[in-house]
Amino acid sequence: MEYTRLGGSGLRVSRIGLGCMSFGDPSRGYGDWSLDDDAAEPIFRQAVELGITFWDTANVYGFGSSEEIVGRAVRRYTRREDVVLATKVFFPMHDGPGGSGLSRKAIMEQVDASLRRLGTDYVDLYQIHRLDPDTPADETMEALHDVVKAGKARYLGASSMWAWQFAKLQYTADLGGWTRFVSMQNQYNLMQREDERELFGLLADQDVGSIPWSPLARGRLARPWAERTMRGDTDELLRERYTGDQPIADAVQRVAEARGVPMAQAALAWVLRNPVVSAPIVGPTKPHHLPDAVAALDLDLTDDEVAALEAPYTPRLPTGFV
């Protein structure tokens, strides 16, 4: 495993992040592909053995059940001090005034609820899952700063927004003398590259690390286009976001077959080439997923291979902001 600092901070993370959206109570999660404690056990053990110390979840994953499973896994398979634990806040957890969004009430209520489910006194990285257009920026940034000062979070991160919105939040933090974001968890893969146009320039200038979500396009880049999976048949977001990109998947398949590696390895190696990327978030559900991801660290793509992978892409609107 390789390790790097998260952006310009001193926080050291594994270059592959363990994405925990797939862990949760199936009755509270995203479908039958959610993994409960028993099904997730071998993946957590594998993550520890591979040196993957950066674990990322969110309060809304499985409506709290992902955080519960992750918290139990930390206690069973590793030590709290050996894991960089990250979670998120924004999406609805209940209908009350503190159940969603980024108001002071919501942030204070939801961070405490996340800590209870995770069974810890603090998280290493507390992230806003999306931008809240209904809450003033100074209210959000001061509340997040107070979370840090209370010792409930060590660092702050953001996720999925326009570059100007992220710049506004960082500037607001500076004006108030409050804690800035050290990371941006944005969607970035061969099928969604729009952040190259403006966001990555801002992140590089501000020394903010990118920790991409969906680096394999929800699995679309990890298998031949015609191959079906349970998640592919039930995941509505997958069908919405990656419906017309077969030429890109075919290009990944050709490069991977020529190299004799899995498609996921080739697609992830491309993401890791970007100097702004600190650690892609990989959501495993099968035993080979994490080893394939780690192997991507050692796959150096040639200029010709990169050109072949990038050639089918066409400009499109960013997705996943809301």
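I take a cavity to be a set of points, on a 1 Å grid over the protein atoms alone, where a 1.4 Å probe fits but cannot get out, while a pocket is an open set with protein on both sides within 12 Å along at least five of seven lines, and lining residues have an atom within 4 Å of a point. I am working on a predicted model, in which local features need pLDDT of at least 70 and side-chain atom pairs count only at pLDDT 80 or more, whereas totals for chains, interfaces and linings use all residues. I number residues from 1 along each chain as its sequence is written, and side-chain values use heavy atoms, with hydrogens and water left out.

**Overall form**

I looked up the fold first and found twelve helices and ten strands in the protein, where helices (H or I, at least four residues) and strands (E, at least two) are DSSP runs numbered from the N terminus. The radius of gyration, taken over C-alpha atoms, is 19 Å, which agrees with the value near 20 Å for a compact globule of 322 residues, the rule being 2.2 Å times the number of residues to the power 0.38. The C-alpha trace spans about 55 × 40 × 35 Å along its principal axes. I noted that 58% of the 322 residues are buried, with buried meaning under 20% relative accessible area, exposed over 50% and partly exposed in between (1.4 Å probe, protein chains only).

**Cavities**

I searched the whole structure and found two cavities of 30 Å³ or more, a volume being the space filled by probe spheres set on the grid points, which are joined across faces, edges and corners. The largest holds about 50 Å³ of space, and its lining includes Ser-160, Asn-186, Trp-213 and Phe-321. I sorted that lining into three nonpolar, five polar and two charged residues, counting Ala, Val, Leu, Ile, Met, Phe, Trp, Tyr, Cys and Pro as nonpolar, Asp, Glu, Lys and Arg as charged, and the others, Gly among them, as polar.

The second largest cavity holds about 40 Å³, and Asp-37, Phe-44, Ile-69, Arg-72 and Tyr-77 are among the residues that line it. Helix H1 (37-50) and helix H2 (65-77) are the elements that give two or more residues to this lining, and H2 gives the most, with five. I count five nonpolar, no polar and four charged residues there.

**Second largest pocket**

I then turned to the second largest pocket, which has a volume of about 180 Å³ and is lined by 13 residues, with Leu-131, Asp-132, Thr-135, Ala-137 and Lys-168 nearest its centre. H4 and helix H5 (163-176) each give two or more residues to the lining, and the largest share, four residues, comes from H5.

**Helix H3**

I checked H3 (residues 104-118), whose 15 residues reach 21 Å from first C-alpha to last, close to the 21 Å expected at 1.5 Å a residue, the expected span being 1.5 Å times one less than the number of residues. Ala-106, Ile-107, Gln-110 and Val-111 are among its buried residues. The buried residues of H3 pack against H2, strand S5 (84-89), strand S6 (123-128) and helix H4 (137-149), contact meaning heavy atoms within 4.5 Å. Just after H3, Gly-119 takes a positive phi of about 70°.

**Gly-7**

I last looked at Gly-7, in the loop between strand S1 (3-5) and strand S2 (12-14), which counts as buried because its relative accessibility is 14%. Leaving aside residues up to four places away in sequence, Gly-7 touches Val-182, Asp-207, Val-208, Gly-209 and Ser-278.
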